[in-house]
Amino acid sequence: MSKRNNGARTAAPQAPPTPQRSSGALNFTRPTEFVELPTRGKFYPEGHPLHLIKEVEINYMSAREEDILTSQALITRGVALDRMIGSVLVDKDIDVDTLYPGDKNAILVAARATGYGPEYVSKVKCGSCGTVHDHVVDLANLPVKEPPEDINLTTAGTFTILLPVTGFTVEVRLLDSRQQKYLENLRDTNKKNNLPERNRTDLLKMVIVSVNSVRDRMELESFIDNMPAQDSRTVKKAYDRASPSLLMEQRVECPNCQTVVVREVPLGIDFFWPS
């Protein structure tokens with residue numbers, strides 16, 4: 001049994017302790033950086049925070065973002081990178097799921113450079129001689145594939161294409177991150193259930209907004225299912241041409257046998273940990 005401190009109980013009331021105030025010696029403004037968006041804001045519809053905005057401001061990576069990237073719960077759910085992007089974005093009105101993949105990649109690369117510097121070193125194994133060597137990527141100077149100047153953009157962020165066989169005018173949208181994930185999940189589900197792969201038609205049904213101003217989904221899907229192959233290829237080529245992105249492919253030369261291969265810089269969780 002504890003003993004009461006009677007002296008303390010009968011003593012005069014004590015004034016509450018004065019809270020200690022910070023000297024301000026450790027106060028600082030978190031540095032930020034502006035990231036050029038490959039889309040140049042052209043595909044975001046009116047009302048979106050990035051509509052016609054060419055760059056976005058991000059905070060430098062901090063211990064908070066490292067916690068996000070090492071969270072096994074977030075990694076297992078496949079949302080760690082998206083949460084990290086949301087954390088570094090200064091404008092919290094931007095929904096990460098509405099970002100276009102090329103813009104997301106640009107933000108990821110810039111965030112990684114603020115945290116660990118612009119040099120990214122990866123181990124590469126030569127397929128010809130088996131030599132394992134380092135390959136250094138300068139993240140600050142990755143080229144950007146911007147949208148073509150001659151694209152027929154609408155105010156909604158879509159663009160139009162004239163089909164060569166039917167002569168119809170097709171209105172197409174780029175898929176944002178949420179729509180891209182849906183398409184990938186659809187493909188995985190079809191594969192898991194041994195269903196026929198419909199990669200081309202599934203993509204076309206998601207990117208085609210209208211045909212000759214017709215927007216009825218049943219009519220559009222019927223048209224897409226019976227679309228002439230040349231028209232289908234025209235839409236796919238135009239979509240790929242219009243999609244802005246960072247050019248992540250790198251020429252890698254083996255220092256032992258001089259074999260040159262082209263490989264893409266990976267943008268997974270491991271990308272954020274320097275070797």
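Colleague: Let's start with D202. Which helix does it lie in?
Modeller: Bear in mind that this is a predicted model. Setting aside neighbours within four places in sequence, D202 has contacts with L183, L186 and N190. As for its own element, D202 belongs to helix α7.

Colleague: And is D202 buried or exposed?
Modeller: The cut-off we need here is under 20% relative accessible area for a buried residue. D202 has 10% relative accessibility, so it counts as buried.

Colleague: How many residues of α7 are buried?
Modeller: D202 has company: T201, L203, L204, K205, M206 and V207 are also among the buried residues of α7. The helix as a whole is mostly covered, and of its nine residues the buried ones number seven.

Colleague: What do the buried residues of α7 pack against?
Modeller: Two strands are on the list, β7 (169-172) and β8. The rest of the list is helical, and it consists of α6, α8 and α9 (229-242).

Colleague: Let's zoom in on one of those partners. At what angle do α6 and α7 pack?
Modeller: Two packed helices are described by the angle between their axes and the distance between the axes. For α6 (residues 177-192) and α7 (residues 199-207), the axes are 11 Å apart. The angle is about 150 degrees.

Colleague: Roughly parallel or antiparallel, then?
Modeller: Angles over 145 degrees fall in the roughly antiparallel class. The pair packs at about 150 degrees. Therefore α6 relative to α7 is roughly antiparallel.

Colleague: Which hand does the crossing of α6 and α7 have? And which residues of α7 make the contact?
Modeller: The crossing is right-handed. On the α6 side, the contact is made by Q179, Y182, L183, L186, R187 and N190. By class, the contact has five nonpolar, three polar and two charged residues. The α7 side is made up of N199, D202, L203 and M206.

Colleague: Over to the backbone. What is the phi of R40?
Modeller: R40 is in the loop between β1 (32-36) and β2 (55-59). Its relative accessibility is 19%, so R40 counts as buried. R40 is not a glycine, yet its phi is positive, at about 60 degrees.

Colleague: Where is S213, and is it buried or exposed?
Modeller: S213 is another residue that is not a glycine but has a positive phi, here about 70 degrees. Its place is the loop between β8 (208-211) and α8 (217-225). The relative accessibility is 67%, and the cut-off is over 50%, so S213 counts as exposed.

Colleague: Which residues does S87 touch, apart from those up to four places away in sequence?
Modeller: S87 lies in helix α4 (residues 80-88), and at a relative accessible area of 11% it is buried. Its C-alpha atom is 8.8 Å from that of I58, though the two are 29 residues apart along the chain. Its contacts are N59, R64, E65, I68 and K92.

Colleague: Now the whole chain. What share of the contacts with a separation of 6 or more comes from residues 24 or more positions apart?
Modeller: The chain has nine helices and 11 strands. Of its 275 residues, 37% are buried. The share of those contacts is 62%.

Colleague: Last one: how much area does the chain expose?
Modeller: Carbon and sulfur atoms supply 50% of the exposed area. The total is about 16800 Å².

How values were computed
Residues numbered from 1 in each chain as written. Predicted model: local features only at pLDDT ≥ 70, side-chain atom pairs only at ≥ 80, totals over all residues. Heavy atoms only, no water. Helix = DSSP H or I, 4+ residues; strand = E, 2+ residues; numbered from the N terminus. Buried < 20%, exposed > 50% of the residue type's maximum accessible area, 1.4 Å probe, protein only. Contact = heavy atoms within 4.5 Å. Areas by Shrake-Rupley, 256 points an atom, 1.4 Å probe, with all protein chains shown as cover. Axes fitted to C-alpha atoms, helices over the stretch in contact; angles between N-to-C directions. Parallel < 35°, antiparallel > 145°, perpendicular 65-115°, else oblique. Left-handed = near helix turned anticlockwise from the far one by under 90°. Nonpolar A, V, L, I, M, F, W, Y, C, P; charged D, E, K, R; others polar.
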